Amino acid sequence: MADRIADPWGARTPYGPGEQWPVRVDEHVEAPHADRWVQSASLLHSNGDAMDIAVADGRIVGVRGRAADRVNRGRLDPKDLYGWQANASPDRLTRPLVRQEGRLVETDWDTAMGRIVARSRELLEGPGGWGHFGFYTSGQLFLEEYYALGVIGKAGIGTPHMDGNTRLCTATAAAALKANFGTDGQPGSYADVDHCDALALWGHNVAETQTVLWMRMLDRRRGPNPPALLAVDPRTTPVAREADVHLAVRAGTNLALVNGLLRELIHRGWYDEAYVGAHTLGFEELERTVDAYPLDRVAGICDVKAADVARAAELLGTSERLFSTVLQGFYQSNQATAAACGVNDIHLIRGMIGRPGAGVLQMNGQPTAENTREAGADGDLPGFRNWDNAEHIRELAELWNVDGTTIPHWAPPTHAMQIWRYAEQGSIKLLWISATNPAVSLPDLARIRRILAQENLFVVVQDLYLTETAELADVVLPGATWGEKLGTFTNADRTVHLSEKAVEPPGEARADLEIFLDYARRMDFRDRDGALLIPWTGPEEVFEAWKKCSAGRPCDYTGITYGKLRGGSGIQWPCTEDAPEGTERLYTDATFPTDPDYCETYGHDLNTGAEFTESDYRAKQPGGRAFLHITDYRPSPEVPDEDYPLLLTTGRTVYHFHTRTKTARAPQLDAAAPDVWVELHPEDAARLDIAEGDLVGIASRRGGIEARARITGIRPGVVFVPFHYGYFDVSPGDRTPRAANELTLTAWDPVSKQPLFKVAAVRVARMD
């Protein structure tokens, strides 16, 4: 196999339109032989690459891709190939820790759980009750763990304060899908790459974030009749270098670009008038709004050439099968939901939904971000139910056999940024953080550290290592991870995979599901008949319970079993007895789940985030039609000025995932990108007297960091810093700021509530 650090995408296997993507099996094993191979899939990105885990002498020794799987046809990305080594890192947590006299000390499970339960009961029995609990989780647990946690929080405690770091990466995906189509759920399929004649990647550096999907796109591009490629990104990424049209827009101006493209499509007649009339609502208002965005105005706002915007519109408008993907360049930027809805609008007015090669994926960043939204461990109700629909609440109350007033639905669920605000104000007094590291990943980190260190906040952290966040906890619970536990997880195109247990976790570490079920037993949560609210003892029981919850909803799992998931390929939802192989694409009949009795939301104002009422929604009489949503462009809440003249954008590298909690513990991945850097345009670097490799300081109104300079093809006036880097792998006592989120601002999209990581104003200077 080729050096997959030097060449992350490996050898090409070209193919043509309508052909099946050829098999290419990638493998990395660090042992002479494997005693056995155990089925799983990737847990370090959202692509869902199916793989087998090699086990020898009771330990993981490597991985290989699964040739039969619909997602990857045997391919693995660098994080898949090498990331498993983190499981055996010598600094794994193996026993619980509790804070004693100001420091964390090892203890037993009874003591650790006893402290959590005692504090929980004290808060529940006191004034304020459920209002004092906050749960902040991840996009890296299993479906079964999210569902158990969702029932604990929403039916056991009754708190609306449940969300996760998926709020930071894909909340906008959910918001845009709900807004246009009525419910969450990706309309398209990875197989659309096999059929499309045009690819549009909107703020999506797929080459580094979903590497195997990029391999599929490259293989189509190297085959006969390749699809045209549009990239929207301020950086010259591998995707931008491959693109036929690259729009390096000024950060924060995505909506102006989309408005201009919509106007051009309409003015040039590149839209399906019959489809729009029969299957959408809102075209007249959309047409009026975008008419104010001619090419010259868009070029001025976005700082790109009008001719390039026209070329992009032609690529979009003349294609017969357009496939789009959207990710953080849109989701973490100004007017995120409105811009993402605009991409959906492009597909709707062109009728590019529900056909092979014609679809859109509002992508996820994390491997199980889809599951958090389905199962209700974040700011959603399980099964994509509508918190404002009384019948949906009644269904859940009947399913869980609890009083409907227990399930929080009197206001919108509390989003993550508000959870942290409540903790800061002191109303949330117990914050349980699972499998995530907010002391590196949230914006304005100095503020986050202050919140975590508050004496009146009881912090529980459930993780594999003593992270920057765990260092500030009152109780630390050692978790088991991928390969050490059993469960399912669903990728960005709705493909469900089973991950089997291959080895035992180290020491006393426990699966997250086991921890949640233990907490539920100790809290003795009961239903309204006095029976145990949560009677499950293992993951398959929870999965079967989840299937009942999903029945009849968009994410219907009732046709999926552990048995069907063993061997062969993953299965897409919805999957029922009537569709036992799963569903490749949604909305093939152009009927959308916008019925008022079925939809997941009654909608929001794109500018303010204000919730629309049920009566407002019913008055629209959607009748199975999709909604077209757009609004006017407004500048970002923070723009460059004399003191902070540059725009900061943050993002990822192919070699790391999130805060490097796992990937920094894989030698090949760590060596490939061991330290933070900052990218500058040559003109900016020359003006600031900065050369390649210089140590520079980057400062915003909130803090500063140090990093080595890279002079790249990023657009002038913009600097890029990868957000992965924290403190844990620096020499003891070294707290030199390296985290990009020391710089980012506490501001968020009004609809999705996703933070705006891409639009901070900064200054840069060479350090003496």
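This is a guided tour of a predicted model, moving from an enclosed strand to the salt bridges.

**First stop: strand β9**

Begin by selecting residues 198–202, which form strand β9; five of its five residues are buried, so the strand is largely enclosed by the rest of the structure. If you display the side chains, you will find A198, A200 and W202 pointing one way, while L199 and L201 point the other way. In a regular strand the side chains alternate between the two faces of the sheet. Now add residues 228–232, which are strand β10 and run parallel to β9, joined to it by five bridges; in this pairing, A198 stands opposite A228. Then add residues 322–326, strand β13, which also pairs with β9 in the parallel sense over five bridges, and where F323 is the bridge partner of L199.

**Second stop: W202 and the nonpolar cores**

Stay with β9 and select W202, which is among the residues with the most contacts inside the largest nonpolar core, a set of 91 residues. Which residues does W202 touch, not counting those up to four places away in sequence? They are L230, V232, V258, L261, L316, S324, T325, V326, L327, F330, V343 and I346. Apart from this core lies another of 65 residues, and you can locate it by selecting A112, F525, F543 and Y562, which are among its members. In soluble globular proteins, nonpolar side chains tend to be buried together.

**Third stop: a nonpolar patch on the surface**

Next, select L124, W130 and W410, which together make a nonpolar surface patch of about 290 Å². W410 is found in the loop between α17 and α18, and with a relative accessible area of 45% it is partly exposed.

**Fourth stop: two buried residues, P478 and S752**

Move on to P478 in strand β17, residues 475–478, where the relative accessible area is 0% and the residue is therefore buried. Show T94 as well: although P478 and T94 are 384 residues apart along the chain, their C-alpha atoms are separated by 5.9 Å. Leaving out residues up to four places away in sequence, P478 touches several others, including W109, D463, E508 and R510.

S752, for its part, sits in the loop between β26 and β27. Is S752 buried or exposed? Its relative accessibility is 2%, so S752 counts as buried. When its neighbours within four places in sequence are set aside, S752 is in contact with R167, A171, T172, A175 and T337.

**Last stop: salt bridges around helix α7**

The structure holds 55 salt bridges, and a good one to display is that between the side chains of R12 and D219, at 2.6 Å from N to O. This pair links distant parts of the chain, with R12 in the segment before β1 and D219 in helix α7 (residues 211–222), 207 residues apart. R12 is partly exposed, at 26% relative accessible area, whereas D219 is buried, at 0%.

Keep D219 selected and add R75, whose side chain also meets that of D219 in a salt bridge, here at 3.8 Å from N to O. R75 lies in the loop between β4 and α1, 144 residues from D219, and both R75 and D219 are buried.

Finally, select R221 and D244, whose side chains form a salt bridge at 2.6 Å, N to O. R221 is in helix α7 and D244 in the loop between α8 and β11, so the pair ties together parts that are 23 residues apart in sequence.

Note on methods. Residues are numbered from 1 along each chain as its sequence is written. This is a predicted model: local features need pLDDT of at least 70, side-chain atom pairs count only at pLDDT 80 or more; totals for chains, interfaces and linings use all residues. Side-chain values use heavy atoms; hydrogens and water are left out. Buried means under 20% relative accessible area, exposed over 50%, partly exposed in between (1.4 Å probe, protein chains only). Helices (H or I, at least four residues) and strands (E, at least two) are DSSP runs, numbered from the N terminus. Two strands pair if DSSP finds at least two bridges between them. A nonpolar core is a set of buried Ala, Val, Leu, Ile, Met, Phe, Trp, Tyr and Cys residues joined through side-chain atoms within 4.5 Å. Contact means heavy atoms within 4.5 Å. Patches are made of residues with over 30% relative accessible area and no salt bridge: like charges are joined within 9 Å, nonpolar side chains (Val, Leu, Ile, Met, Phe, Trp, Tyr) within 5 Å. Accessible areas come from the Shrake-Rupley method with a 1.4 Å probe; for residues, only the protein chains shown count as cover. A salt bridge is a side-chain nitrogen of Lys or Arg within 4 Å of a carboxyl oxygen of Asp or Glu.
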